[in-house]
Amino acid sequence: MKKYLILIFVALAAVFQSCDNNDDLWDAIDDLKSRVQALETQVDALNGNIEALQKLYGGATISKVETSDGKYLITLTNGETIELVQGSEAEAVIPIVSINDKGEWQVSTDNGATFTSLGVKAVAEDGTTPRFRIDEATGYWQVSYDGGTSFENVKDTKGQPVKAIGSGTVTDKFFEEVKVDGGDLYIRLLGGEELRIPIVSDFFCRIVTPTEGVQTFDAGATKRFVVEIRGVEQVKLSAPEGWSARLTDAVDERAELIVTAPAAVTRATADTSKDVAIEAFAAGGLSTVAKIQVESTGTAPVAPTVAVTNSATVEPTQSALTFDVAPSANADGWKYLCLKSTEAAPDAARVLAEGTAGAGTGVTVRNLEANTAYTIYVVAYAGDLTSEVASVQNTTAAAPVTAETDYYQDYQDGKDIALGDLTINKTVYPEAQLLKPSELTAAIITAGGLIFVDNSDAADLSFTISGASINMGDIVLIGRYPERAQATISGPELRCKYNAAFKNLHIAASGNYNLFTTTNATYDPTLHVEDCTVDAAYNVVYDSHNTQNFKSVYFGNSIVKMTVANKPFYSTKAKDAHMQQLIRLDNNVFYAETPLQNYLINCGDRSQAFQTTRLQVEVTNNTIYNIYQPNIMIRAYVLAGLTVTKNVGYYTGVTAKNYLTGVYDTAGFTADKAEVTYNYLYTAPVSDTNFWSAKHTGSYTPANNQMGDGVESSVLFDGCGEGVFPGRRFGGEDGCRSDLRHEGVVQGGVIPACRNEKLRPAFSQAGVFFVEPKRRISRSSLSESSCRRRA
């Protein structure tokens, strides 16, 4: 007994003494494992290439080839995808696998110098797919012929196992060459074998399955699968015993494969084959096989179920709602309809017929209306069985409240501000001032520049310029907030020494002065006025210099009050109007509190001294109230062109039998230069048939103008160019002229309520609707001079 104990202690001592040597051994093993693991990518590529090559040798046809990073992604005509990797480098011996002339797999472990048959066929019904690996314990290459269940060592020509870890770098060049050659995929193996497979983009037959793997059926259940199909002339279907399969006709390259399981599983129907296959044939002898694997549970089918809830993670937007959908495990798919909650709920048949196929466990329905309740209806299906209709309601988000317009902030944000044909921005005006009305001075007006007038303080909305006149610099004045009461600039004559522009302001003459005048003997300025309220004692615009004149005048979307007879809105003193080009009045209201004899535009009389040969006059979409012409309301000696269209006038208690428009030069002003159309004048009947004449002689009388009491009219224009109040028959009977409506005059209603206490009774008695301008005008003297914009 003592002898055995001594031997045990000696053995233990020997073990402890050899610990250092064992550490070296474990380090070597770990190093081998790490090097083997580093080759996993090459091993995967090798096995992938073998599988791909076997399918290609087996007669597969190709519909598409894509290349990326040395890899070839090949889509077969049956919908399968395979991948070929052409080459890589590693410090290893990589077997070269090929197919010999007997159709057997062969392998070379000496870089292609010699090949050894593996003794198994590559193709045909008994073809085998070898699978390679590297044994981590030994570093030897091993091969499996049973799908990876068992492995054996790969032998070289001498019958010796082959180590994967070599001493040098070996190129894993599985193929000698792979390329797309015309309409073929060309492959040349290292063993010299060549393979050429046609790429047929217009031929495929592939089954689209909702889930991967074996498709499970209850006993007697039927399921439908989408088949994408193109270029197929004939098909042949096969299925396991007891199963049935049929293919519907293709519509838009899509057909349905309808598969039905046996009503019950018996010994006769317990077929080990699980393939339902479609063999498709094309012209030229091409064919492909698309198949799925099926399996019956043998149990009676159960109808699927589905639940739908509002998304737990995605909030509603103005135009979209997101829902979570939970179909049961036996559902083949589901469809949905999303309807406004005010609509009748659909049944399951309608959802399946009209609904949209869903995918996964959720759906986002888009292109919905804001702040509107919707209900989604969902039905799941499994073969011919369907679920009950599941539903849930949700409401889209409301549209955000539009922020108040702030012209100064728009400018600071780099946006454009339109003012007639001008564009106001930081590029054109790099600097701007923001001033309250009380901070304005005559010196600032004289200096000019871009000035935003802050009308945020209702207690600070006025600025008065003292004296009889002021010479303005090159200036742009813009009221900051268009939705608030306008700031008022009261003053004497505003002399436009240079260009001047005004927007969203109330401009009032403080004395008996012309409002806007020329004054520079060497400069012809431009004048732009938009979205303004204007009170003038004399002429609103006057070319007061003998030789200079406004190059162009634009008034748009403004309200102009006229108070003195025979003081026109526009008049000129400059007979030699060498630079005069355009007077454009668009979408304005011109009015007097009581009927006032006046011109609208007077740029010359029968004297040939007024040479306005370059001047274009455009008067469109204006409302003219209580202003009547003493002779001609819009007149000149000669013009380059005259457009007077879609204007409405109203006055009573006075007689006017002369012309609305007139040009005295009967020779130089031809008919093609005038358009006087679609105007309406409400007054006592006028007997002069030449009222609408374009020329003083009464010639060139245009059509489609109307006048007189009781004549149908479409509108009074609102000065905003956007909408007009649908027509009334003046005299009380509703009606609207179809010809005016056809011309685009009637575009939609606006509020006709006039806030001017003095104007409203006259309008209501006559049955005339005076429609409000587009902007808001609100100030202390509003009730005496103007109409306020609707909110």
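Two strands count as paired if DSSP finds at least two bridges between them, and in this predicted model that criterion is met by β5 and β6 (residues 104-108), which are joined by 4 bridges and run antiparallel. Within this pairing, Ser-98 stands opposite Gln-106 in β6. The sheet to which these strands belong is an open one of 3 strands, with the order β5-β6-β7 and antiparallel pairing. Because β5 (96-99) and β7 (116-121) each have a single partner strand, they stand at the edges, and one side of each is left without a neighbour in the sheet. On average, neighbouring strands here are turned by 25° against each other, with direction ignored.

Further along the chain, strand β17 (residues 222-230) pairs with β15 (residues 204-208) in the antiparallel sense over 5 bridges, and Phe-204 stands opposite Arg-230 in β17. Strand β17 is also joined to β20 (residues 254-260), by 7 bridges and again in antiparallel fashion, with Glu-228 standing opposite Arg-254 in β20. Phe-204 has a further partner in Arg-206, which lies over the face of its ring at 3.7 Å from the ring centre.

The aromatic side chains can be followed next, since a pair of aromatic rings is described by the distance of the centres and the angle of the planes. The structure holds 10 aromatic pairs. For Phe-217 and Trp-243 the ring centres are 5.2 Å apart and the planes stand at 90°, and the pair is therefore edge-to-face, as an angle over 60 degrees requires. The pair links distant parts of the chain, 26 residues apart, for Phe-217 belongs to strand β16 (residues 215-217) whereas Trp-243 is in the loop between β18 (234-238) and β19 (244-247). Both Phe-217 and Trp-243 are buried.

Ring pairs also link Phe-502, Phe-516, Phe-555, Phe-569 and Phe-590 into a cluster. Several of these names return in the description of the largest nonpolar core, which has 68 residues and in which Phe-502, Phe-516, Leu-527, Phe-555 and Phe-569 have the most contacts. When residues up to four places away in sequence are not counted, Phe-516 touches, among others, Leu-494, Cys-496, Ile-507, Val-529, Val-540, Tyr-542 and Phe-550, as well as Phe-502, Leu-527 and Phe-555. A second, separate core of 36 residues includes Ala-60, Val-97, Ile-99 and Ala-122.

One more ring has a charge as its partner: the charged end of Lys-567 sits over the ring of Tyr-538, 4.8 Å from its centre.

Note on methods. Residues numbered from 1 in each chain as written. Predicted model: local features only at pLDDT ≥ 70, side-chain atom pairs only at ≥ 80, totals over all residues. Heavy atoms only, no water. Core = buried A, V, L, I, M, F, W, Y, C linked by side-chain atoms within 4.5 Å. Buried < 20%, exposed > 50% of the residue type's maximum accessible area, 1.4 Å probe, protein only. Contact = heavy atoms within 4.5 Å. Helix = DSSP H or I, 4+ residues; strand = E, 2+ residues; numbered from the N terminus. Axes fitted to C-alpha atoms, helices over the stretch in contact; angles between N-to-C directions. Phe/Tyr/Trp six-rings, centres within 6.5 Å; stacked < 30°, edge-to-face > 60°. Lys NZ or Arg CZ within 6 Å of the ring centre and 35° of its normal.
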